[in-house]
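Subject: Structure for your review

Dear colleague,

Please find below the structure that I am handing over to you. I would be grateful if you would read the notes beneath it with the coordinates open.

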Amino acid sequence: MPFSRPTVIRSRRVVLPDGERPADVLIQDGKIARTAPHGSLTAGPGELTDLGDTALLPGLVDTHVHVNEPGRTEWEGFATATRAAAAGGVTTIIDMPLNSIPPTITAAGLGVKRRAAEGQAWVDLGFWGGAVPGNVADLEPLYQEGVFGFKSFLAPSGVDEFPHVGAADLEAALAEQARIGALAIIHAEDPAVLAAAPQQPGVHYRDFLASRPAGAETAAVARLLDAARRTGARVHILHVSSAAVLPLLRQARADGVRVTAETCPHYLTLAAEQVPDGDTAFKCCPPIRDESNRDALWEALANGEFTAVVSDHSPSTPDLKLLPEYGGSGDFAAAWGGIASLQLGLPAVWTEARRRGHTLADVVRWMSEGPARLVGLAGTKGAIAAGHDADLVAFDPEGEFAVRASGLHHRNPVTPYAGRTLTGAVRGTWLRGREVDPAARPFGRQLTRPATRGATAKAAATQATTAP
Ligand SMILES: [Zn+2]
């Protein structure tokens, strides 16, 4: 479809905040000026793009992406990650603070990242900071520089330069984040439960699964919620894999704890029973669990218990994945834990959502609107509504394609979705009204956190001067 910078986009399936219907969307100066009944607008001297039955969605907001540049750019870099994002219908990513070197745990480290990303972002790009042992004094300066919140690990992260927090570090970090009004995002697995679990290396997925039991998630979440209660911090549980944590979250919310949670496409679309021996493309932490757990995650998603479905795109090189087809051992215990899926999240989730009777509007709520709200970007991203950025995706909900890892824009040709047939194809992506073309110059912007509701007066005043 040859479209570049339309004034009007028309589709019989536009996903609006109140549901899907035929509509025209008027774009001015990179923003959505208004929506109107299908067929009612003219483009004047501009261009009209009629998508027919191809759906028009707001661009996805993926708040959980590990870009890894600088320092581990051979795992994934800004150019490859953001081109993959655009090709997958994702128009905003928020980069995780670890796996790059340096990690984003000081304002200086954030500056290094920002300079590395300059001129290489095909989509809009923001940054999380990290809360690690000993950097409490760095949190407020980082927040003033515009990070969207702070990630902490309760168990080892997998890289030495981003240590996990013990009980005292966690308490101190949460107290400081409550004071400045920041959102604490947490990798919740408990190191003591992990240490006590059976450790049987090898190619059998069930042995790996036994080494990362659901109890590690529930113990960590319980501990986190206690600390959130005491400190008043706003907390978000990253990549919930075990449905057993959901009752804890419900209880905490009923008690007034400000807690949200996300899950990921791989927990919703893959299951332990399907993982072939030695196929370490499926390794992530916490792990993909069994089919009955997957059904329970879908039930919770349908009930609105997850704010967001985001990729946790965390690739590495094929040799660190120890993949047998690259001469590796296929040992789940030793392989890098992380799943590459940035370009595939939308079709993967849609394929399964559709099978379960969900609508495109549901998927948009989970993958665009919810994550935008999580990071305070709901005023500009995540919806087709007047005043929002014209970040849009042409999506063919019936288009089938077979995944070939080598055909993805990801830096490395490794993904657990390889060989699967997915339903739902991205036909075009616009960022602030301009079509994104991976072969042309990038025009993504670096985003800073907008002023946060619930921030302390002091922090709010600081934000007003630092975060435009
Ligand atoms: Zn992650």
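The notes below go from the chain as a whole to individual sites. Please bear in mind throughout that this is a predicted model.

Overall architecture

The chain is built from 13 helices and 17 strands. Its radius of gyration is 21 Å, which agrees with the value near 23 Å that a compact globule of 468 residues would have. Along the principal axes, the C-alpha atoms occupy a box of roughly 65 × 55 × 40 Å. Buried residues make up 60% of the 468 in the chain. Of the contacts between residues at least 6 apart in sequence, 75% link residues at least 24 apart.

The accessible surface amounts to about 16,500 Å², and carbon and sulfur atoms account for 51% of that area. As for charge, there are 44 positive and 51 negative charges, and their mean positions lie 5 Å from each other.

The zinc site

Three residues coordinate the zinc ion: His 64 and His 66, each through NE2, and Asp 312 through OD, at 2.1 to 2.2 Å. Along the chain these donors follow the spacing H-x1-H-x245-D. His 66 belongs to the loop between strand S6 (60-65) and helix H1 (78-87), while Asp 312 belongs to the loop between strand S14 (308-309) and helix H11 (345-355), so the pair ties together parts that are 246 residues apart in sequence. His 66 counts as buried because its relative accessibility is 4%, under the cut-off of 20%. Asp 312, with a relative accessible area of 10%, is buried as well.

The loop between S6 and H1

The loop that holds His 66 has two further features of backbone geometry. For reference, most residues other than glycine have a negative phi, and most peptide bonds are trans. Asn 68, which lies in this loop, has a positive phi near 80 degrees and is not a glycine. At 1% relative accessibility, Asn 68 is buried. The peptide bond from Glu 69 to Pro 70 is cis, with omega near 0 degrees, and Pro 70 is likewise in the loop between S6 and H1.

The loop between S12 and H8

Where does Ser 241 lie? Ser 241 sits in the loop between strand S12 (234-237) and helix H8 (246-254). Its relative accessible area is 0%, so Ser 241 is buried. Leaving aside residues up to four places away in sequence, Ser 241 touches Glu 217, Tyr 267, Pro 286, Pro 287, Arg 289, Asn 293 and Leu 297.

One of these contacts, Pro 286, follows a cis peptide bond from Cys 285, with omega near -5 degrees. Pro 286 is placed in the loop between helix H9 (265-269) and helix H10 (291-302).

His 239 is also found in the loop between S12 and H8. His 239 has a positive phi of about 30 degrees although it is not a glycine, and it is buried, with a relative accessible area of 2%.

Helix H2 and its surroundings

Helix H2 spans residues 107-117, and its buried residues are Gly 109, Leu 110, Gly 111, Lys 113, Arg 114, Ala 116 and Ala 117. Two charged residue types, Lys and Arg, thus appear in that buried set as Lys 113 and Arg 114. The buried residues of H2 pack against H1, strand S7 (90-95), strand S8 (124-127) and helix H3 (136-144). After H2 comes Gly 119, with a positive phi near 75 degrees.

An exposed glycine

Is Gly 379 buried or exposed? With a relative accessibility of 54%, Gly 379 counts as exposed, since the cut-off for that class is over 50%. Gly 379 is located in the loop between helix H12 (360-374) and strand S15 (392-402). Beyond residues up to four places away in sequence, Gly 379 touches Gly 387 and His 388. Between Gly 379 and Pro 450 the C-alpha to C-alpha distance is 9.4 Å, and the two are 71 residues apart in sequence.

With kind regards

Technical notes: Residues numbered from 1 in each chain as written. Predicted model: local features only at pLDDT ≥ 70, side-chain atom pairs only at ≥ 80, totals over all residues. Heavy atoms only, no water. Helix = DSSP H or I, 4+ residues; strand = E, 2+ residues; numbered from the N terminus. Rg over C-alpha atoms; globule rule 2.2 N^0.38 Å. Buried < 20%, exposed > 50% of the residue type's maximum accessible area, 1.4 Å probe, protein only. Contact = heavy atoms within 4.5 Å. Areas by Shrake-Rupley, 256 points an atom, 1.4 Å probe, with all protein chains shown as cover. Charge placed at Lys NZ, Arg CZ, Asp CG, Glu CD. Donors = N, O, S within 2.8 Å, 3.2 Å for Na, K, Ca; no water.
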